[in-house]
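Welcome to this guided tour. Open your viewer, keep the selection tool ready, and follow along one stop at a time.

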Amino acid sequence: MKDFFADRKRRADLLVIGALLLLALVLYLVIGATRTEGGVAVVRVDGVETERHALSADGTYPLNGGSNILVIGDGQAWLSDANCPDLLCVRQGKIHYTGQSIICLPNRLTVTVEGGESDGVDFVVG
Amino acid sequence: MKTKKITVLAMCVALAMILSYVESLIPSPGIPGVKLGLANIVVIFALYKLGWKEAAGISLLRVFLVSLLFGHAASLMYSASGAVLSLAGMILLKRTDRLGCVAVSVIGGVLHNAGQILMAWLLMGPNVVYYLPVLVLSGTVAGVAIGAVSALIVKRVDLKI
């Protein structure tokens with residue numbers, strides 16, 4: 001009897017695992033299907049936009065007083081360096097789809113690709 | 001009796017902290033929030049052997065102490081929101097007594113990640129939602145591993161307080 005209950009629980013466990021894997025797949029497909037090529041990289045610190053750069057123009061930009069270095073090239077954006085020890089933001093790689101983002105938790109900084117062709121020059125960053 | 005309980009609880013907190021430290025030595029795959037959750041072994045052990053209050057105490061104390069010792073300013077907020085959501089889910093799920101250790105651990109792992117996404121949403125805006133699929137996946141996979149280990153330990157360790 002005890003074994004029977006143990007087995008029933010094991011089957012229920014597998015069901016939960018299967019359901020969650022399915023959920024991950026569905027979320028991935030839904031997000032993937034709604035994905036489009038983005039036009040601008042928007043930088044936010046503490047959720048407040050500080051600057052934006054068109055993905056069409058290559059360049060290197062120090063962000064947040066130099067805490068992170070943003071590079072734009074080949075229509076993609078990535079962080080090439082940061083002042084934190086783990087460099088997780090650098091390892092998050094290159095982004096170019098609308099809604100993709102790079103997150104730097106220690107500096108509370110995000111770089112997000114947003115849609116729409118950038119209307120030429122968005123901001124002139126001196 | 002009481003002294004023994006205090007000692008066991010303190011040992012659990014210490015063990016959870018050490019496991020957090022050991023986990024910090026494992027290289028991260030580069031996606032924030034993707035991790036094994038070794039410390040959850042202790043929390044699940046406590047949940048099954050000591051009770052839900054003890055498990056919650058151990059988990060929250062661990063989060064606080066680890067953030068204080070090894071974390072940065074933001075890590076406490078992320079870990080705490082993850083831990084609270086994860087604890088709530090695991091405690092409720094265990095109470096239903098319909099599922100085993102592995103499912104409890106898996107739900108704990110996924111909810112931990114969900115809690116972190118929620119906090120990131122509050123701090124950085126809705127775009128962090130794009131991390132949800134990979135964090136649900138990683139929470140599930142890590143949860144299976146942690147749950148399997150926890151189930152073994154819960155079964156093998158004979159603890160009487």
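**Stop 1: a small sheet in chain A**

Start by selecting strands E3, E4 and E5 of chain A: these 3 strands form an open sheet in the order E3-E4-E5, with antiparallel pairing. At the edges you will find E3 (residues 59-63) and E5 (residues 76-82) of chain A, each of which pairs on one side only. Turn the view and compare the directions of neighbours: on average, neighbouring strands of this sheet are turned by 25° against each other, direction ignored. As background, the strands of a sheet pair through backbone hydrogen bonds, and the pairing can be parallel or antiparallel. Please keep in mind throughout that you are looking at a predicted model.

Now zoom in on one pair. How many bridges join E3(A) to strand E4 of chain A? There are 5, and E4(A) covers residues 68-73. To see one of the pairings, select Tyr61(A) and look across to E4(A), where its bridge partner is Leu70(A).

**Stop 2: the whole of chain A**

Zoom out and colour chain A by secondary structure. You should find 2 helices and 7 strands. Walking from the N terminus, the elements follow the order α-β-β-β-β-β-α-β-β. Chain A has 126 residues, and 28% of them count as buried. Among its contacts between residues at least 6 apart in sequence, 40% join residues at least 24 apart.

Next, colour chain A by confidence. The average pLDDT of chain A is 82, and 86% of the residues score at least 70. Select residues 118-122 of chain A: pLDDT stays under 50 here, and the model has 6 contacts beyond four places in sequence for this stretch. A useful habit to learn early is not to read predicted coordinates in detail where pLDDT is low.

**Stop 3: where the chains meet**

Show both chains together. Here 28 residues of chain A are in contact with 26 residues of chain B. On the chain A side, helix H1 (2-33), helix H2 (88-91), strand E6 (101-104) and strand E7 (109-114) each supply at least two residues. Which element of chain A gives the most to this side? Select H1(A): it gives the most, with 13 residues. If you colour the side of chain A that touches chain B by residue class, you will see 14 nonpolar, 7 polar and 7 charged residues. For the complex, the predictor gives an ipTM of 0.85 and a pTM of 0.76.

**Stop 4: the whole of chain B**

Hide chain A for a moment. Chain B has 6 helices and 0 strands, so its pattern along the sequence reads α-α-α-α-α-α. The radius of gyration of chain B is 15 Å, close to the 15 Å that the globule rule gives for 161 residues, so chain B is as compact as a globular protein of that length. Along its principal axes, the C-alpha trace of chain B spans about 50 × 35 × 25 Å.

Of the 161 residues of chain B, 47% count as buried. Residues 24 or more positions apart account for 69% of the contacts in chain B with a separation of 6 or more. The average pLDDT of chain B is 91, and 99% of the residues score at least 70. Confidence in chain B is lowest in H5(B), at a mean of 92, and highest in H2(B), at 96.

**Stop 5: the helix inside chain B**

Select helix H2 of chain B, residues 40-49. Why can H2(B) be called largely enclosed by the rest of the structure? Because 9 of its 10 residues are buried. Among them are Ile41(B), Val42(B), Val43(B), Ile44(B) and Phe45(B). Now show the neighbours: what covers the buried residues of H2(B) includes helices H1 (2-25), H3 (52-70), H4 (75-96), H5 (101-124) and H6 (132-156) of chain B. After H2(B) comes Gly51(B), whose phi is positive, near 130°.

**Stop 6: one tryptophan**

Finish with Trp52(B), which lies in helix H3 of chain B. Is Trp52(B) buried, exposed or partly exposed? Trp52(B) is partly exposed, because 17 other C-beta atoms lie within 10 Å, while a buried residue has 20 or more. Leaving out residues up to four places away in sequence, Trp52(B) touches Leu47(B) and Ile91(B). Finally, draw a distance from Trp52(B) to Leu36(B): their C-alpha atoms are separated by 22 Å, and the two are 16 residues apart along the chain.

Definitions and conventions:
Residues are numbered from 1 along each chain as its sequence is written. Chains are lettered from A and ligands numbered from 1 in the order in which they are written. This is a predicted model: local features need pLDDT of at least 70, side-chain atom pairs count only at pLDDT 80 or more; totals for chains, interfaces and linings use all residues. Two strands pair if DSSP finds at least two bridges between them. Helices (H or I, at least four residues) and strands (E, at least two) are DSSP runs, numbered from the N terminus. Axes are lines fitted to C-alpha atoms, for helices over the stretch in contact, and angles run from 0 to 180 degrees between N-to-C directions. A residue is buried if 20 or more other C-beta atoms lie within 10 Å of its own, exposed if 12 or fewer, and partly exposed in between; C-beta atoms are placed from the backbone. Two residues are in contact if their C-beta atoms, placed from the backbone, lie within 7 Å. Ala, Val, Leu, Ile, Met, Phe, Trp, Tyr, Cys and Pro count as nonpolar, Asp, Glu, Lys and Arg as charged, and the others, Gly among them, as polar. pLDDT is the predictor's confidence in each residue, from 0 to 100. The radius of gyration is taken over C-alpha atoms; the globule rule is 2.2 Å times the number of residues to the power 0.38.
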